[in-house]
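Thank you for making the time this morning. I would like to walk you through one structure, going from its ligand to its sheets and then to a few details of the backbone.

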Amino acid sequence: MAKLLIVDDERNIRRSLERFFQSLSHTVVTAEGGPQAAELIATQPFDLILTDYKMAEVNGLELIVEARRRQPSCLVILMTAYATVENAVAAMKAGAYDYVTKPFSLDQIQHVVERALEFKGLQAENQALRETIGDAPMLESKSPAMKHLFELAHQAAQSDATILLTGESGTGKNVLSRQIHRWSRRAAGPFVVVNCTTLSEELLESELFGHLRGSFTGAIKDKPGRLEAADKGTVFLDEIADLTPRLQAKFLRFVQEQSFERVGSDAVIRVDARIIAASNRDLEAEVAQRHFREDLFHRLNVITLRVPALRERREDVLALAGWMLRAAAIRNGRPAMQLSADAAAAIGKYRWPGNARELRNALERAAVLSRSDIIGRDDLPDAMFRESAESTADAHHAASLEDMEREHIRRVLSETATLDEAAATLGINVTTLWRKRKRYGIE
Ligand SMILES: Nc1ncnc2c1ncn2[C@@H]1O[C@H](COP(=O)(O)OP(=O)(O)OP(=O)(O)O)[C@@H](O)[C@H]1O
Ligand SMILES: [Mg+2]
């Protein structure tokens, strides 16, 4: 129930509104004019203020301004007998939530007040959600595999041991690495992410280790690297399989000795950083093919945590979808949205080859495009419905996974206009798409 302040210089109106809203179980305080109302606003919190427009001393507009300043979350409804457009516009500009014109029926005012309180409830809920969501992911899980993973991760977080995260693209390795940092003793320290894919070898080297001025063209001043920035915290090396052999060697030394030199310098720098590395490729296979140093692999492979694919934890798909949809609605300034039964069934059935990222993209898209607050099947990407028919047809060919991936990427690329769109459809990031395109030689 809400706490209302009713401000009107007419005693009868005060009385009847007070009785009426009390009968609806609200708490009601009344004031007969501006000064008294201002004093009340200064001393107690209200959910809603109903104020007359024309009063002696302080008028309704001034009161709105005062209320907005003192109690920003309190909504104000203006009651005006001078129902001119100007009054209403001025009131809205001053921050009123709504207005009613006198004379009004109790039904009318009840309707306006209820709508305002509903809005206020939603606002509070959104605020609470925003606080809990922020960028924090949903880490509850009903899946035994996931629960086990979180337990291990939590335990591992307590030590300084190096952690290797594996798992398909989009399963949540970045998300988990951040959570491990939060769980660790280093939580108050920095969390630094270095993506090993995006940069050229030279740039990545200076990004990681820093450089001295003049050590290469473009090095116009001394620059500390990301490893130094991670001192007393955690450094997350994403897509570690993409480190070049030379950088693997240099990084190996850091893993062993916690020390390195900036590019172009002899001074040894010591850094106390916990290392988490991630790869969506099979590092053992990379070792076998001599793409990845075996000694570095063993150094990183102290505690290995494999994040399961979304299809291996079907019990989470709908809860995750609901959570992601709420977050997407908030991000896009839309009211609470829901999945229709059809959409939920489709989401539950689909294989989600792009894992949580693909799911998130699908829901973000739906939250933006859907005309109604209920997400229907039509709001979901076509690819979700195409797949089942094709994958059964393709099953006969026993194509290798790589062939299928290559074909799938080729097809999506031919059907989409931009790389970003293709990446979103595939549920991978643009960099990953770029790399896969290169690997498969797709133009
Ligand atoms: N448990 C979760 N709750 C909410 N969102 C999640 C969860 N796990 C992953 N996501 C979302 O899915 C997307 C992909 O997650 P993330 O970047 O961590 O995957 P990844 O395993 O690192 O992928 P890649 O191998 O391609 O780098 C992100 O947008 C993330 O917010
Ligand atoms: Mg990642």
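Let me begin with the ligand, where the shell around ligand 1 is made up of 7 nonpolar, 9 polar and 3 charged residues. Please keep in mind throughout that what you have in front of you is a predicted model. In this model 19 residues surround ligand 1, and the closest are P137, G172, K173, N174 and A356. If you ask which elements give two or more residues to that shell, they are α7, which covers residues 173-183, and α15, which covers residues 355-369.

Let me stay with α15 for a moment. This helix has 15 residues and reaches 21 Å from its first C-alpha to its last, close to the 21 Å expected at 1.5 Å a residue. Is α15 enclosed by the rest of the structure or open, and why? A residue counts as buried if 20 or more other C-beta atoms lie within 10 Å of its own, and 11 of the 15 residues of α15 are buried, so this helix is largely enclosed by the rest of the structure. The buried residues of α15 include N355, A356, R357 and E358 at the start of the helix, and A366 and A367 further along. Among the elements that cover the buried residues of α15 are α13 (317-331), β16 (374-375) and α18 (419-426).

Just ahead of that helix, in the loop between α14 (341-349) and α15, you will find W352. W352 has a positive phi of about 50° although it is not a glycine, and with 25 C-beta neighbours inside 10 Å it counts as buried. As background, most residues other than glycine have a negative phi, and most peptide bonds are trans.

There is another residue of this kind to compare with it, namely K232, whose phi is positive and near 70°. K232 sits in the loop between α9 (226-229) and β10 (234-238), and it counts as partly exposed, with 13 C-beta neighbours inside 10 Å. A positive phi, near 60°, is also found at Q258, which follows helix α10; that helix, residues 245-257, has 13 residues and reaches 18 Å from its first C-alpha to its last, close to the expected 18 Å.

Now to the sheets. One open sheet is formed by 5 strands in the order β2-β1-β3-β4-β5, with parallel pairing. Its edge strands are β2 (27-31) and β5, each of which pairs on one side only, and the twist averages 20° from one strand to the next. Helix α1, residues 11-23, packs on this sheet and touches β1 (3-7), β2 and β3, its direction making about 170° with that of β2. Helix α2, residues 34-43, packs on the sheet as well, touching β1, β2 and β3, with its direction at about 140° to that of β2.

Within this sheet I would draw your attention to β4, residues 75-80, where 6 of the 6 residues are buried. Both faces of β4 are covered, with L75, I77 and M79 buried on one side and V76, L78 and T80 buried on the other. On one hand, 5 bridges join β4 to β3 (residues 48-52) in the parallel sense, and D52 has M79 as its bridge partner in β4. On the other hand, 4 bridges join β4 to β5, again running parallel, and here T80 stands opposite T101 in β5.

After β5 (98-101), in the loop that leads to α5, comes P103, and the peptide bond from K102 to P103 is cis, with omega near -5°. Helix α5 itself, residues 106-133, contains K120. Leaving aside residues up to four places away in sequence, K120 touches D47 and L75, and its C-alpha is 8.3 Å from that of C74, 46 residues apart along the chain.

A second open sheet also has 5 strands, in the order β7-β10-β13-β6-β14, and its pairing is parallel. The edge strands here are β7 (191-195) and β14 (303-306), each pairing on one side only, and the twist from one strand to the next averages 20°. Strand β6, residues 163-166, pairs with β14 over 4 bridges, and T166 stands opposite R306 in β14.

Methods
Residues numbered from 1 in each chain as written. Chains lettered and ligands numbered in written order. Predicted model: local features only at pLDDT ≥ 70, side-chain atom pairs only at ≥ 80, totals over all residues. Near = placed C-beta within 6 Å. Nonpolar A, V, L, I, M, F, W, Y, C, P; charged D, E, K, R; others polar. Expected span 1.5 Å × (residues − 1). Buried ≥ 20, exposed ≤ 12 C-beta atoms within 10 Å, placed from the backbone. Contact = placed C-beta atoms within 7 Å. Pairing = 2+ DSSP bridges. Axes fitted to C-alpha atoms, helices over the stretch in contact; angles between N-to-C directions.
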